[in-house]
Amino acid sequence: WGGFGHITVAYLASNFVSNTTAAYFQTLLRNDTTDYLANVATWADSIRYTKWGRWTGPLHYIDAKDSPPHSCGIVYERDCKPEGCVVSAIQNYTSRVLDQSLHVVERAQAAKFVIHFVGDIHQPLHTEDVEKGGNGISVFFDDKRFNLHHVWDSSIAEKIVTHKKHGVGRRPFPAAKKWAEQLAEEIREGQYKANSSEWVKGLELKSASEIALEWAVEGNAHVCTVVLPEGPEAIRDQELGGAYFEAAAPVVELQIAKAGYRLAAWLDLVVTAISKNE
Ligand code: ADE
Ligand code: ZN
Ligand code: ZN
């Protein structure tokens with residue numbers, strides 16, 4: 001996701017974490033405001049394009065090599081690169097947050113990676129190999145030229161909140177906080193109420209890599225249905241601001257909502273595990 005998506009995921013998670021979890025991460029991240037997760041949500045992207053942060057690039061995605069529209073799906077051994085992928089990164093950095101032998105600065109950095117990658121694994125094109133996750137597919141969105149990856153990272157989410165009459169503008173934090181509060185209400189009492197417990201079911205019973213792979217597979221399923229329903233060539237140079245947007249918007253909202261709710265449950269589990277070992 002772009003900055004706006006990641007910040008929304010983080011605010012949404014802060015709506016659902018336990019008080020103990022909030023206090024733990026406020027201390028670890030040295031930020032005692034309600035923005036303690038949101039403020040670090042885009043840090044992993046800020047280092048990705050620096051000389052010393054380049055190696056972290058592949059950790060933002062898993063390039064599933066089944067090609068839509070005829071086949072979709074992730075095979076971990078085939079699709080996770082030797083240098084790592086978003087699934088192995090969630091597993092690795094979660095274990096580093098838990099590892100009390102690491103310096104607090106290293107555990108804080110690991111937490112920042114987890115907060116970011118739980119967001120990214122829910123962006124369907126972060127689980128797709130075709131044209132580098134759509135980066136190589138030029139399209140139009142409301143008459144402006146973008147690549148398909150950018151449309152899914154940013155344009156769709158930004159148009160959703162514009163429709164909700166609080167545009168993003170140049171201040172993503174207030175708009176993201178407001179969208180997160182609306183999505184939190186959808187989870188508590190609205191359209192997601194019936195399913196949200198399924199989103200986090202059995203988390204404590206499985207390994208981090210199993211869970212992350214399930215999340216990736218679930219997001220990847222949207223690639224064959226909504227993202228590239230007729231494959232990559234059919235969408236090239238198409239205008240996506242109309243009917244395509246109408247079909248894609250509910251998927252973006254769902255994936256952002258799942259990411260935030262799951263991040264909260266994940267951070268709660270981390271803090272529970274740490275307190276058990278003390
Ligand atoms: N680079 C290569 N594949 C990618 C993907 N799926 N998402 C983002 N960047 C990528
Ligand atoms: Zn992206
Ligand atoms: Zn990212």
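The shell around ligand 1 is made up of 2 nonpolar, 4 polar and 4 charged residues. Keep in mind as you look around that this is a predicted model. To find the shell for yourself, look for Arg48, Tyr61, Asp63, Leu125, His126, Glu128, Lys132, Gly133, Asn135 and His149. The space that ligand 1 takes up is the largest pocket.

Now let's turn to the contacts made by nitrogen atoms of ligand 1. The side chain of aspartate 63 offers an N or O atom that lies 2.9 Å from a nitrogen atom of the ligand. The backbone takes part as well: a polar backbone atom of leucine 125 is 2.9 Å from a nitrogen atom of ligand 1, and for a polar backbone atom of glutamate 128 the distance to a ligand nitrogen is 3.0 Å. On its own, ligand 1 has 260 Å² of accessible area, and the protein covers 93% of that.

Next, let your eye move to the zinc ion that is ligand 3. His60 coordinates this zinc ion through ND1, His116 through NE2 and Asp120 through OD, at 1.9 to 2.2 Å. Along the chain, the donors follow the spacing H-x55-H-x3-D. What separates histidine 116 from aspartate 120 by about one helical turn? Both belong to helix H6, which runs over residues 104-120, and they are 4 residues apart there, so about one turn of the helix lies between them.

Ligand 3 also has another zinc ion to look for: ligand 2, with 5.6 Å between the two ions.

Note on methods. Residues numbered from 1 in each chain as written. Chains lettered and ligands numbered in written order. Predicted model: local features only at pLDDT ≥ 70, side-chain atom pairs only at ≥ 80, totals over all residues. Heavy atoms only, no water. Near = heavy atom within 4 Å. Polar contact = N/O pair within 3.5 Å; in protein donor to acceptor, adjacent residues only side chain to side chain. Areas by Shrake-Rupley, 256 points an atom, 1.4 Å probe, with all protein chains shown as cover. 1 Å grid on protein atoms, 1.4 Å probe; cavity = no way out; pocket = protein on both sides within 12 Å on 5 of 7 lines; lining within 4 Å. Sits in = over half its atoms within 2 Å of the grid points. Nonpolar A, V, L, I, M, F, W, Y, C, P; charged D, E, K, R; others polar. Donors = N, O, S within 2.8 Å, 3.2 Å for Na, K, Ca; no water. Helix = DSSP H or I, 4+ residues; strand = E, 2+ residues; numbered from the N terminus.
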